[in-house]
Amino acid sequence: MRAYLVSSIAVTCAAALALPLTLATPAASHPGGPPVGPAAAPSGEGDVAGSTQSLRLVPLGGGERTVGGDPAERGLTRRDVRPFSLLGVVWDDVRAPLHGTVQVRTRATGGSAWSGWQDVETHTGEHGADPGTREGGSGRLRGATAPLWVGDSDGVEIRVRPDGGGAAALPAGLRLELIDPGPEPGQAAPGASPEAAERSTSSAVSPAASVAGVPAAGAAVLPALSRAATAAAAGLSTSAAAKPYIGPRPKIVTRKGWGADEKMREKGFVYTKSVKAAFVHHSATGNNYTCRQAPSVLRGIYRFHVKSSGWRDFGYNFAVDKCGNIYEGRAGGVSKPVLGAHTLGFNTNSTGIAVIGTYSSTNPPAAALTGVARLTAWKLGLHGGNPTGKATLTSGGGNRYKKGKKVKFNTIAGHRDGFVTDCPGGRLYGKLGSARTASAKYQGRR
C-alpha cells in the first residue's frame, strides 16, 4: 500500500449488537472515554487480550551495524523477543513522511531458520481520520507503516533505509511494534474438516440470535437473511410499487466473533448522515495467512491501529478475508453509518472495506470479490445506493482533492480514487468493475 504521503479497525458492545437494523440516522455522538494512546515502551498489558512490544530503532553503525550496512540506516540486528505475529513501524509525527524502505526478517517460534527479507509497506497519509474531526485532531496520532502479518515468531531483524539525504531524511522516533494478537475467541471443533475450518471462522450463534432480523446481544455471528427478511428488518416496503433495491444481508462475523477487546477502543460511537459510497482497500498485511487465522490478523491490526497508531478504534468499517468471510470492523452497529478512518478526506458518508491481504501483484481470490459484492449490495442498499452508479462526496482534505471540493465517485470505489496511493493494489482495483456488476445483481437490479 505504498503511497506518497500515514495509515490510519473490536466486538461491538452488547448494546450495539442489539440495535435494530433500521435506517433511522442517529445524531453524531462523541467518545466520552479517556484518551487511548500508543504504547510507549515494551509492554504486555494485562487488562486487554494480547500485547505490544515497542522497540526503539537505532543507527546500524558501530556494534549494531550489519555487514555492508549504511550508517544512515536505522534498525535492529537479529534478536530474541517475546512471541508475536504482526509487526509495523511507527514514528512521532503523523504528518512526517517516511521516505525510505522498511524490510524485516523473522524466525518462527521454536525454530532456528530465519525468513528472507520482507518489505513492509510504507505509507504516511492515505488512511486516517479526516482533518478537523475529533479523532484527527486528538494529538495522539503517530505516523505508521502498514502492519505486516508474519505468523507466530520469536525473533526479528529490521532495517530502515532512507531514499536519500542520510539519516535526517527519516522521521524522528522510529519504533518497531511487535503485536501479539492474543488468544482465539474459539477453536474449531475436534475432527472438523480443514475445508470447514477454512470457510467459517465462527458459526456459533446464540439460541435467540435472530428475532425479526435483530441479533441477540453477544452473538458471534449475524446470520444471513433473505432479501425479504432484510428489507423487513430495515423497515423497507416490499410492495411491487416500491420494490427495494437491497441485497440480502450476508453472514457477518461480529467483533465478538473475531475477538475484539472493547476495553481497548474509546467509548462511544461517531456517526455520519448516510452511506453514499464504499471504498475498497487491501490491508497490505501480506497473503501468508489462512482463513482460520483471519480473526488473529484482525486483532493484530486493531491493536496496531489503537495502541501503536493512536486511533480511537479499528480504522475500517468492514473486512473480508480470502475465503469471502465478512467481518464487522469499527464499532457502532453494522447497519449504521459509522464514521471510519479508512480514506483520508472521504470518511464522511462512506464505508470502508478492507480485503485482508496485499493485491498489488497478486490477484484477489474470487471468494473475496464475492464477499465484497454481497456486502456492498446490502450495505449500500440500506441507504438507497446503486452499486453501478455514482455518488458525490465532499473532500475533507487530502493529497488528491483540496478540502471542500465536491468529487463524483463510483459508488463502489477504490481507495486510490480519493487519495494518491497504490491501495487497494492494482490487481484488486482492476476487479472492482466485476464486483460492481455482481453487487447490482444481488440487489435485484439486473
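Helices (H or I, at least four residues) and strands (E, at least two) in this tour are DSSP runs, numbered from the N terminus. The model is predicted, and local features are reported at pLDDT of at least 70, side-chain atom pairs only at pLDDT 80 or more, while totals for chains, interfaces and linings use all residues. Residues are numbered from 1 along each chain as its sequence is written, and side-chain values use heavy atoms, with hydrogens and water left out.

**Stop 1: Asn349 and Ala284**

Select Asn349, in the loop between β15 (326–328) and β16 (350–355). Its phi is positive, about 60°, although Asn349 is not a glycine. Most residues other than glycine have a negative phi, and most peptide bonds are trans. Asn349 is classed as buried because its relative accessible area is 14%; buried means under 20% relative accessible area, exposed over 50%, and partly exposed in between (1.4 Å probe, protein chains only).

Next, select Ala284, in the loop between β13 and α5. Ala284 also is not a glycine and has a positive phi of about 60°. With a relative accessibility of 3%, Ala284 counts as buried.

**Stop 2: the disulfide**

Remain in the loop between β13 and α5 and select Cys291; then add Cys323, in the loop between β14 and β15. A disulfide, defined as a pair of cysteine sulfur atoms within 2.5 Å, joins Cys291 to Cys323 with an S to S distance of 2.4 Å. The link of Cys291 and Cys323 is right-handed, with 95° about the S-S bond. Because Cys291 and Cys323 lie in those two loops, the pair ties together parts that are 32 residues apart in sequence. Cys291 counts as buried at 0% relative accessibility, and Cys323 counts as buried at 14%. The search of the whole structure finds one disulfide.

**Stop 3: the cis peptide bond**

Select Cys423 and Pro424, which are joined by a cis peptide bond with omega of about 15°. Pro424 is placed in the loop between β19 (412–414) and α7 (426–429). Cys423 has 0% relative accessibility and therefore counts as buried.

**Stop 4: salt bridges**

How many salt bridges does a search of the whole structure find? The search finds 13, where a salt bridge is a side-chain nitrogen of Lys or Arg within 4 Å of a carboxyl oxygen of Asp or Glu.

Display Arg107 and Asp154, whose closest N and O atoms are 3.0 Å apart in a salt bridge. This pair links distant parts of the chain, with Arg107 in strand β4 (residues 100–108) and Asp154 in strand β7 (residues 148–162), 47 residues apart. Both Arg107 and Asp154 are buried.

Move to Glu184 and Arg299, whose side chains form a salt bridge at 3.5 Å, N to O. Glu184 is in the loop between β8 (175–180) and α2 (194–199), and Arg299 is in helix α5 (residues 294–308); the pair links distant parts of the chain, 115 residues apart. Glu184 is partly exposed, at a relative accessible area of 27%, whereas Arg299 is buried, at 3%.

Then select Glu266 and Arg312, whose side chains meet in a salt bridge of 3.3 Å, N to O. This pair too links distant parts of the chain: Glu266 is in the loop between α4 (255–258) and β13 (277–282), and Arg312 is in the loop between α5 and β14 (318–320), 46 residues apart. At 8% relative accessibility Glu266 counts as buried, and at 6% so does Arg312.

To complete this stop, select Arg255, Glu262, Arg265 and Asp313 together; a network of salt bridges links these residues.

**Stop 5: Thr52**

Select Thr52, in strand β1 (residues 51–56). Is Thr52 buried or exposed? Thr52 counts as buried because its relative accessibility is 0%. Add Arg303, with which Thr52 makes a polar contact, side chain to side chain, at 3.2 Å. A polar contact is a pair of N or O atoms within 3.5 Å; within protein, one must be able to donate a hydrogen and the other to accept it, and residues adjacent in sequence count only if both atoms are side-chain atoms.

**Stop 6: Ser115**

Finally, select Ser115, in the loop between β4 and β5 (118–120). Ser115 is partly exposed, with a relative accessible area of 25%. Leaving aside neighbours within four places in sequence, Ser115 is in contact with Arg105 and Thr106, contact meaning heavy atoms within 4.5 Å. Add Val156: the C-alpha atoms of Ser115 and Val156 are separated by 9.5 Å, and the two residues are 41 residues apart along the chain.
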